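Thanks for coming, everyone. I would like to walk you through two parts of one model this morning, so please have a look at the sequence and the structure first.

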Amino acid sequence: MTLAPTVRLAHASLLEILALLDERLAAGATSISLEVLDPEFGRGRCAGEWVEYDGQRYLHRPFRVWVDLAERRGLRLLTPRVRAAPLIELTFEPLDRSLELGALLRADDAPSRSERYGADSPFARVSKLEDPGFVLDLADALERALLPSGARVLDLGINTGDEFVLLRALAPVLADATLVGVDHSASALAVCRARFPEPRVELHHADVATLGSLGLGRFDLVLSIGTLQSPGIDGSALLRQIVRDHLTPRGAVIFGFPNCRYVDGEVEQGARMRNFRQPELGLLVKDVAFFRRYLQQHGRQVFVTGKHYLLVTGVVGAPD
Ligand SMILES: C[S@@+](CC[C@H](N)C(=O)[O-])C[C@H]1O[C@@H](n2cnc3c(N)ncnc32)[C@H](O)[C@@H]1O
């Protein structure tokens, strides 16, 4: 571990801080500590405004700025330590890029392609139940969907069932719903079955390419999170099939497109091209625009929300 002295940065601009971090990282630092103004002394001020304390001036930054800076530079921000007022010490450590989830999944020797996201895969450590943005955005999307009681819900790529947990917790109207999940991972479905043993939860071990042959019928809500862009899935063909064959006339959809990556226990916002240091949203925007347009053309009002996952929600508005 490289031990370097804490740098006091009462007046440094963000550009100067970035330059300092980059210089230290290029020199191989494994930990960088900065002494900065405690954001609590600047409550209500914007980033870059001045705070006076005991006759001295300090540059204020809301805590969110430090969190964003760490995220965008691939660093972990440790719990701040209080120093002599009005300062705190912030310590940043580089994340271990070899622990990027996508890379781990590619390197994982899963027994088959369908087990890449299986119950024992590195993906199993990521829980959307612990992502506040995802939970709150899904809650809003479900509210917009105006689901009837006794609804039928289909989830494509249900994995171990986190979305069923959320549906039940966030939409009380779904208490007596029939929940149908499809996934090609047998191990993930086994976990899902153990969590939802009741007969009103139907699980199908199948490739979504065979959706048409499963005889599932029509649904009040079709949901698919983080699945439609998977290798081997033609997302636009699947969308057409869902709208044509699997929605009731007032049926709603919620599709989630990943807009983040998981690295060394942290989540970094923004879809990436492989080897891009900063987010590149071209493919995501193209897919979201296609889904939005198609759903609008098929009678749905469409909302695009979300942060780590962009949610495309298509609903038929409330009757007049
Ligand atoms: C990235 S995971 C998302 C899982 C879950 N919806 C979530 O967001 O946590 C993609 C899921 O889709 C499943 N999947 C991918 N391609 C599939 C296919 N062609 N047919 C059926 N399931 C598929 C995977 O097994 C995995 O469970």
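Let me begin with a hairpin, which is formed by β6 and β7 with 4 residues between them. Before I go further, please keep in mind that this is a predicted model, in which local features need pLDDT of at least 70, side-chain atom pairs count only at pLDDT 80 or more, and totals for chains, interfaces and linings use all residues. Residues are numbered from 1 along each chain as its sequence is written.

When I say helix or strand, I mean DSSP runs, numbered from the N terminus, with helices being H or I of at least four residues and strands being E of at least two. Two strands pair if DSSP finds at least two bridges between them.

In the hairpin, β6 (residues 81-82) is joined to β7 by 2 bridges and the two run antiparallel, with V82 having I88 as its bridge partner in β7. Strand β5 (residues 75-77) also pairs with β7 in the antiparallel sense, over 3 bridges, and here L77 stands opposite F92. Strand β2 (residues 32-37) is joined to β7 (residues 87-94) by 6 bridges, again antiparallel, and I32 likewise stands opposite F92.

The second part is helix α5 (residues 162-170), where we find L167. Is L167 buried or exposed? L167 counts as buried because it has 23 C-beta neighbours inside 10 Å, the cut-offs being 20 or more for buried, 12 or fewer for exposed, and partly exposed in between, with C-beta atoms placed from the backbone.
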